[in-house]
Amino acid sequence: MRRRFAAVASLLCAITFAQSGETVDPRTVAPDVFITVHKHSSGADIVEVRMMKKGYPLDVLQKQCEAVGKETGSDVRGLYVYASWLGGPADNTASSAQFGCNHLIEREEGELNIEALVKSFIGGPAEYAVKSFLIVFDGEKPTNRTVRSVRKGTVRVEAAEMGGEPGIEYRVVSLTQDPAQVSVPRNVPHKEPFASATPPPSKGLHPAVVPLLGIGVAGAGVLVYLGLRKDKSPGSR
């Protein structure tokens, strides 16, 4: 009887998880982290990261960035982790990082490796758990193999072309903190062309980002935000 009850309870939990997961729209969830990836002329992928939770530990961020290299099977080069000053009080900072690696953007194969980024940043300390992402592949043009939406499994993904700016923006929500349960395709063949982008809903976005969306190009606003305030506060590294 106990075993039967446990089995039924597990089934109900799974059904509840699936139903709640299906209703999640990543575009309405405030991102815990902003990530931009840009293909350098040398062929390397240049990555910029900014965490939104105040006081995010720099040592945790460093390990997460190093994990990207493990997930992509490439060396992480020039890793620089620092507290980026946002203006105002000296402690008004955002934990940030920059580094280079390979295999996040594979143009010849038409692949964008969202999975490696999600796996690397989830599973951290509970109080700093990363569940939602805003990922921009700066300068990339969508093709008929570009991932547009993922609505099954433990990850929700929605894509948008960045208006007049070359690039693809992804809003991502992970329903798990176990990297082993994360699976995101790198490309998905489509017959129809990539749809023109419209700015995603600003509901739930960080207050610092919402005014930038008024520009009319969501992705461009994010890139501007990520490029701001690269000056460092005293004591940052």
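Helices here are DSSP runs of H or I, at least four residues in length, numbered from the N terminus. Ser120 lies in one of them, helix α3. The model is predicted. Its protein chain holds 5 helices and 10 strands. Of its 237 residues, 42% count as buried. Long-range contacts come next. Among contacts between residues at least 6 apart in sequence, 69% join residues at least 24 apart.

Start with helix α3. It is mostly covered: 8 of its 8 residues are buried. Ile114, Glu115, Ala116 and Leu117 are among them. So are Val118, Lys119, Ser120 and Phe121. The list includes the charged residues Glu115 and Lys119. At the start of α3, Asn113 turns a side-chain oxygen toward the backbone. That oxygen comes to within 3.0 Å of the backbone nitrogen of Ala116. Just after the helix, Gly123 takes a positive phi of about 85°.

Now look at Ser120 itself. Its relative accessible area is 5%, and buried means under 20%, so Ser120 counts as buried. What does the side chain of Ser120 reach at 3.4 Å? It reaches the backbone oxygen of Ala67. Leaving aside residues up to four places away in sequence, Ser120 touches Gln64, Ala67, Val68 and Glu71. Ala67 thus appears both as a residue that Ser120 touches and as the owner of the backbone oxygen that its side chain reaches.

Turn next to the aromatic residues. The structure holds 3 aromatic pairs. A pair of aromatic rings is described by the distance of the centres and the angle of the planes. One of the pairs joins Tyr56 and Tyr128. Their rings lie 5.5 Å apart, centre to centre, with 75° between the planes. The pair is edge-to-face. Where do the two residues sit? Tyr56 is in the loop between β2 (45-51) and α2 (58-72). Tyr128 is in the loop between α3 (114-121) and β7 (132-138). The pair therefore ties together parts that are 72 residues apart in sequence. Both Tyr56 and Tyr128 are buried.

Two other loop residues deserve a stop. His103 is found in the loop between β4 (93-101) and β5. Most residues other than glycine have a negative phi. His103, although not a glycine, has a positive phi of about 75°. Is His103 buried, exposed or partly exposed? At 35% relative accessibility, His103 counts as partly exposed.

Asp25 lies in the loop between α1 (2-22) and β1 (33-39). Asp25 is also partly exposed, with a relative accessible area of 24%. Its C-alpha atom is separated by 8.3 Å from that of Val157. Along the chain, Asp25 and Val157 are 132 residues apart.

Finish at a pocket. The second largest pocket has a volume of about 150 Å³. It is lined by 13 residues. Which of them are closest to its centre? They are Arg107, Gly110, Glu140, Lys141 and Thr143. The elements that give two or more residues to this lining are β5 (105-106) and β6 (111-112). By class, the lining of the second largest pocket has 6 charged, 4 nonpolar and 3 polar residues.

Technical notes: Residues numbered from 1 in each chain as written. Predicted model: local features only at pLDDT ≥ 70, side-chain atom pairs only at ≥ 80, totals over all residues. Heavy atoms only, no water. 1 Å grid on protein atoms, 1.4 Å probe; cavity = no way out; pocket = protein on both sides within 12 Å on 5 of 7 lines; lining within 4 Å. Points joined across faces, edges and corners; volume = space filled by probe spheres on them. Phe/Tyr/Trp six-rings, centres within 6.5 Å; stacked < 30°, edge-to-face > 60°. Buried < 20%, exposed > 50% of the residue type's maximum accessible area, 1.4 Å probe, protein only. Polar contact = N/O pair within 3.5 Å; in protein donor to acceptor, adjacent residues only side chain to side chain. Contact = heavy atoms within 4.5 Å.
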